[in-house]
Amino acid sequence: MFHYLWAGMLLIGIVWGALHGRLDAVTMGVLDGAEDAVSLGITMLGVMAFWSGILEIGRASGLVDWLAEKMRPALRFLFPNLREDHPAMKHMAVNMIANMLGLGAAATPAGLQAMKALKEEMISEGEGEKSGMNERVGMRNTASKEMCTFLIVNISSLQLIPVTVIAYRSQYKSAAPAAIAGPALLATLISTVTGVVFCKVMDGRR
């Protein structure tokens, strides 16, 4: 879907430039954009490598496990139907910790592992109940309540340190790159609380 969107935007820009005799400006815009993309990519690579390394050190030292244990009450509140030793619990904790640090790229692998564990359990439960073939196929293509809740919490993404946004602001010569931290915390706190309330209301309706 996104490749169609970007291709359409590029095509509209080229056609507009051709119709108005500004193809030279379009060409310069493409070259300037490519230069900015490479420069930003290098900056983001350094920032993401640093914080991903910190996350791996925390994982190896046991800090992530300790934080995951501290997050257990929150996880039990969000996912009351999952057992405490469910394999998805730790992956979800790691995902949330990475998102709190603004490390969306570092959070993605843990998020995918959590989704995979939730999906496998949903399918195994369906097979254990001896569901029909059509029902089992439907389960493979349907998200469970826990999967929906995790997705909403992941998207709302409470951020204590918006590392990625700070790196963007620094790249574009902001006078105070870290000034976004306060507003970002407030905005993501509101979005997370709203998402959690929505999930609980929908669970109650079910």
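Which backbone oxygen does the side chain of Thr192 reach? The side chain of Thr192 reaches the backbone oxygen of Thr188, at 2.8 Å. The model is predicted. The protein holds 10 helices and zero strands. Four topics follow the overall layout: the surroundings of Thr192, the nonpolar core, two pairs of residues 23 apart in sequence, and the cysteines and rings.

**Overall layout**

- Read along the sequence, the pattern is α-α-α-α-α-α-α-α-α-α.
- The protein has 206 residues, and buried residues make up 29% of them.
- Take the contacts between residues at least 6 apart in sequence: 63% of them join residues at least 24 apart.

**Around Thr192**

- Thr192 lies in helix α10, which covers residues 181–205.
- Thr192 is buried, because its relative accessible area is 15%, under the cut-off of 20%.
- Beyond its neighbours within four places in sequence, Thr192 is in contact with Ser156, Ser157 and Leu158.
- Ser156 belongs to helix α8, residues 145–156.
- Ser156 is also buried, at 12% relative accessibility.
- With residues up to four places away in sequence not counted, Ser156 touches Thr188, Ser191 and Thr192.
- Thr188 thus appears twice: Ser156 touches Thr188, and the backbone oxygen of Thr188 is reached by the side chain of Thr192.
- Ser157 is found in the loop between α8 and α9.
- Ser157 is not a glycine, yet its phi is positive, at about 50°.
- Ser157 is buried, with a relative accessible area of 9%.

**The nonpolar core**

- In soluble globular proteins, nonpolar side chains tend to be buried together.
- Here the largest nonpolar core has 33 residues.
- Leu75, Phe79, Met92, Met96 and Leu103 have the most contacts inside this core.
- Seen by element, α2 (23–61), α3 (63–70), α4 (72–78), α5 (87–100), α6 (104–128), α8 and α9 (163–171) each give two or more residues to the core.
- Helix α5 gives the most, with eight residues.
- Leu75 is in contact with Met89, Met92, Ala93 and Met96, leaving aside neighbours within four places in sequence.
- Two of these partners, Met92 and Met96, are listed among the residues with the most contacts inside the core.

**Two pairs 23 residues apart**

- Ala88 is found in helix α5.
- Why does Ala88 count as buried? Ala88 is buried because its relative accessible area is 0%.
- Ala88 and Gly111 are 23 residues apart in sequence, and their C-alpha atoms are 9.0 Å apart in space.
- Leaving aside neighbours within four places in sequence, Ala88 is in contact with Ala114, Ala117 and Leu118.
- Lys119 is found in helix α6.
- Is Lys119 buried or exposed? Lys119 is buried, with a relative accessible area of 17%.
- Lys119 and Thr142 are 23 residues apart along the chain, with 9.0 Å between their C-alpha atoms.

**Cysteines**

- A disulfide is a covalent bond between the sulfur atoms of two cysteines.
- The rule used here asks for sulfur atoms within 2.5 Å.
- The closest cysteine sulfur to that of Cys148 is in Cys199, 7.9 Å away, so the two are too far apart for a bond.
- Cys199 is in no disulfide, and its nearest cysteine sulfur is that of Cys148.
- The count by this rule comes to zero disulfides.
- Burial separates the two cysteines: Cys148 counts as partly exposed because its relative accessibility is 32%, whereas Cys199 counts as buried because its relative accessibility is 6%.

**Rings**

- How many aromatic pairs does the structure hold? The structure holds zero aromatic pairs.
- One ring does have a charge over it: the charged end of Lys200 sits over the ring of Phe77.
- The charged end of Lys200 is 4.5 Å from the centre of that ring.

Notes:
Residues numbered from 1 in each chain as written. Predicted model: local features only at pLDDT ≥ 70, side-chain atom pairs only at ≥ 80, totals over all residues. Heavy atoms only, no water. Buried < 20%, exposed > 50% of the residue type's maximum accessible area, 1.4 Å probe, protein only. Helix = DSSP H or I, 4+ residues; strand = E, 2+ residues; numbered from the N terminus. Polar contact = N/O pair within 3.5 Å; in protein donor to acceptor, adjacent residues only side chain to side chain. Contact = heavy atoms within 4.5 Å. Phe/Tyr/Trp six-rings, centres within 6.5 Å; stacked < 30°, edge-to-face > 60°. Lys NZ or Arg CZ within 6 Å of the ring centre and 35° of its normal. Core = buried A, V, L, I, M, F, W, Y, C linked by side-chain atoms within 4.5 Å.
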